[in-house]
Amino acid sequence: MINRYRSQACLLLVGMLLFSASCVRQSEMQTTGADFFQGEWVQDSIPGQEQMLHYTLHEFKVTCDSIYATLRVNSTVKNMSDSCFGSGSWTEYAKGVYVVRGDSLIVDGLYTKPNFKQKISGCYRSGTYIPRFKITAQSADSVVLESRFDQRPIVIRKTADITCVPKPRWEY
């Protein structure tokens, strides 16, 4: 009987050790991110955008492993209330962390207010911002991304360099 309790106690102890070893506290400091991607990037246009019913132009500010996105949305199709739709052009914001793995750019973030503080409700999108891009081409001053959800190329050009100096996350 005592051996049975000792055996159960050992199993419980081993289980607790394995569980506690699986928990990893994420650092509050930024990591360096991808060297080629540090900077400010702008998408000027999309081929044929005048004929499109809906399109988004992207702007990114990338510092270390953090990414701040400004999404300039244009739509001729009203799919929301008049007070939000307005003239059919609006701006959305998001922030997150990113990682480049092979030819993939993976972003994990949230839609935000213009000051990049979390957005809980209101017009346009809120909640998670989790785009997945394939990097189809890159040079010192331009990158071509292809969204995993929309195969139109996103050609962004670098407008400013940023040198990564890791800081506490979201202090920026």
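This is a short walk through one chain, from its overall make-up to three buried residues. The model is predicted, so please keep that in mind throughout.

I'll start with the whole chain. How many helices and strands are there? There are two helices and nine strands in the chain. Along the sequence they come in the order α-β-β-β-α-β-β-β-β-β-β. The chain has 172 residues, and 34% of them are buried. Its exposed surface comes to about 10800 Å², with 57% of that supplied by carbon and sulfur atoms. If you take the contacts with a separation of 6 or more, 49% of them are between residues 24 or more positions apart.

Next, the strands around E5. Strand E5 covers residues 104-112, and strand E4 covers residues 89-101. These two run antiparallel and are joined by nine bridges. Two residues lie between the strands in this hairpin, and glycine 102 has a positive phi near 60° there. Further along the pair, glycine 96 is found opposite glycine 109 of E5.

E5 has other partners too. Which strands are they? One is strand E7, residues 132-138, joined to E5 in antiparallel fashion by three bridges. In that pairing, isoleucine 106 sits opposite arginine 132 of E7. Another is strand E6, residues 128-129, which pairs with E5 over two bridges, again in the antiparallel sense. Here glycine 109 comes up once more, with tyrosine 129 as its bridge partner in E6.

Now the individual residues. Serine 104 belongs to strand E5. Is serine 104 buried or exposed? Its relative accessible area is 14%, and the cut-off for buried is under 20%, so serine 104 counts as buried. Outside its neighbours within four places in sequence, serine 104 contacts Val99, Phe133, Ile135 and Arg148. For one of these, phenylalanine 133, the C-alpha to C-alpha distance from serine 104 is 5.7 Å, across 29 residues of sequence. With another, arginine 148, there is a polar contact between the two side chains, at 2.9 Å.

The second residue is leucine 145, in strand E8, which spans residues 142-147. Leucine 145 is buried because its relative accessible area is 1%. What does leucine 145 contact, leaving aside its neighbours within four places in sequence? The list is Phe60, Leu105, Phe133, Lys134, Ile135, Thr136, Arg152, Pro153, Ile154 and Ile156. Phe133 and Ile135 were also on the list for serine 104. Leucine 145 can also be placed relative to aspartate 103: the two are 42 residues apart in sequence, and their C-alpha atoms are 9.6 Å apart.

The last residue is threonine 63. Where is threonine 63 in the chain? It lies in strand E2, which covers residues 54-63. Threonine 63 counts as buried because its relative accessibility is 10%. Beyond its neighbours within four places in sequence, its contacts are Gln30, Gln38, Tyr68 and Ile162.

To sum up, E5 pairs antiparallel with E4, with E7 and with E6. Serine 104, leucine 145 and threonine 63 are each buried.

Conventions:
Residues are numbered from 1 along each chain as its sequence is written. This is a predicted model: local features need pLDDT of at least 70, side-chain atom pairs count only at pLDDT 80 or more; totals for chains, interfaces and linings use all residues. Side-chain values use heavy atoms; hydrogens and water are left out. Helices (H or I, at least four residues) and strands (E, at least two) are DSSP runs, numbered from the N terminus. Buried means under 20% relative accessible area, exposed over 50%, partly exposed in between (1.4 Å probe, protein chains only). Contact means heavy atoms within 4.5 Å. Two strands pair if DSSP finds at least two bridges between them. Accessible areas come from the Shrake-Rupley method with a 1.4 Å probe; for residues, only the protein chains shown count as cover. A polar contact is a pair of N or O atoms within 3.5 Å; within protein, one must be able to donate a hydrogen and the other to accept it, and residues adjacent in sequence count only if both atoms are side-chain atoms.
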